[in-house]
Amino acid sequence: MIAERIPALASLSITEKWTLAVELLDEVERREGEMPVDEGILALVEERFARYEQGKDPGRPWSEVKAGLLSESK
């Protein structure tokens, strides 16, 4: 993880960590166009979103998705 490579982050207060997170997210948003895009993944996301909008796939709650991901990583 990146945080492990920057030990000073551990000493930040929770308020400072929150501020840093907001600053990082703001920069990512400003530079969104620089992010590499995997066209295959983009097509899959667009297809799934279209199915959701058409009512063909109700989706799953985040708690269910997260539990599935955590069980796969074991």
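This is a short talk about the overall form, the charges and the salt bridges of one protein chain.

Hi everyone, and thanks for having me. One thing before we start: what you see above is a predicted model, so please keep that in mind throughout.

Let's begin with the overall picture. How many helices and strands are there in the chain? There are 4 helices and 0 strands. If you walk along from the N terminus, you meet the elements in the order α-α-α-α.

Now, how spread out is the chain? Its radius of gyration is 18 Å, while a compact globule of 74 residues would be near 11 Å. You can also look at the C-alpha trace, which spans about 50 × 35 × 20 Å along its principal axes. And what share of the 74 residues counts as buried? The figure is 0%. As for the surface, the accessible area comes to about 7,200 Å², and carbon and sulfur atoms account for 60% of that.

On to the charges. The chain carries 10 positive and 16 negative side chains. The centres of those two sets are 7 Å apart. Which residues gather in a patch of negative charge on the surface? They are E23, D26, E29 and E32. If you want to find E23 in the picture, look in helix α2, which covers residues 14-30.

Next, the salt bridges. The count here is 3. Let's start with R31, which takes part in two of the contacts I'll show you. The side chain of R31 meets that of E27, with N to O at 2.8 Å. R31 also forms a salt bridge with E34, and there the closest N and O atoms are again 2.8 Å apart.

Are these partners buried or exposed? E34 counts as exposed because its relative accessible area is 55%, and the cut-off for exposed is over 50%. E27 is at 32%, so E27 is partly exposed. R31, at 40%, is partly exposed too.

The remaining pair is E64 and R60, whose closest N and O atoms lie 3.8 Å apart. Here R60 is exposed, at 55% relative accessibility, whereas E64 is partly exposed, at 40%. Coming back to the earlier contacts, shared partners join E27, R31 and E34 into one network of salt bridges.

So, to recap: we have a chain with 4 helices, a negative patch that includes E23, and a salt-bridge network of E27, R31 and E34. Thanks for listening, and I'm happy to take questions!

Conventions: Residues are numbered from 1 along each chain as its sequence is written. This is a predicted model: local features need pLDDT of at least 70, side-chain atom pairs count only at pLDDT 80 or more; totals for chains, interfaces and linings use all residues. Side-chain values use heavy atoms; hydrogens and water are left out. Patches are made of residues with over 30% relative accessible area and no salt bridge: like charges are joined within 9 Å, nonpolar side chains (Val, Leu, Ile, Met, Phe, Trp, Tyr) within 5 Å. Accessible areas come from the Shrake-Rupley method with a 1.4 Å probe; for residues, only the protein chains shown count as cover. A salt bridge is a side-chain nitrogen of Lys or Arg within 4 Å of a carboxyl oxygen of Asp or Glu. Lys and Arg count as positive and Asp and Glu as negative; His and the chain ends are not counted. The place of a charge is taken as NZ of Lys, CZ of Arg, CG of Asp or CD of Glu. Helices (H or I, at least four residues) and strands (E, at least two) are DSSP runs, numbered from the N terminus. The radius of gyration is taken over C-alpha atoms; the globule rule is 2.2 Å times the number of residues to the power 0.38. Buried means under 20% relative accessible area, exposed over 50%, partly exposed in between (1.4 Å probe, protein chains only).
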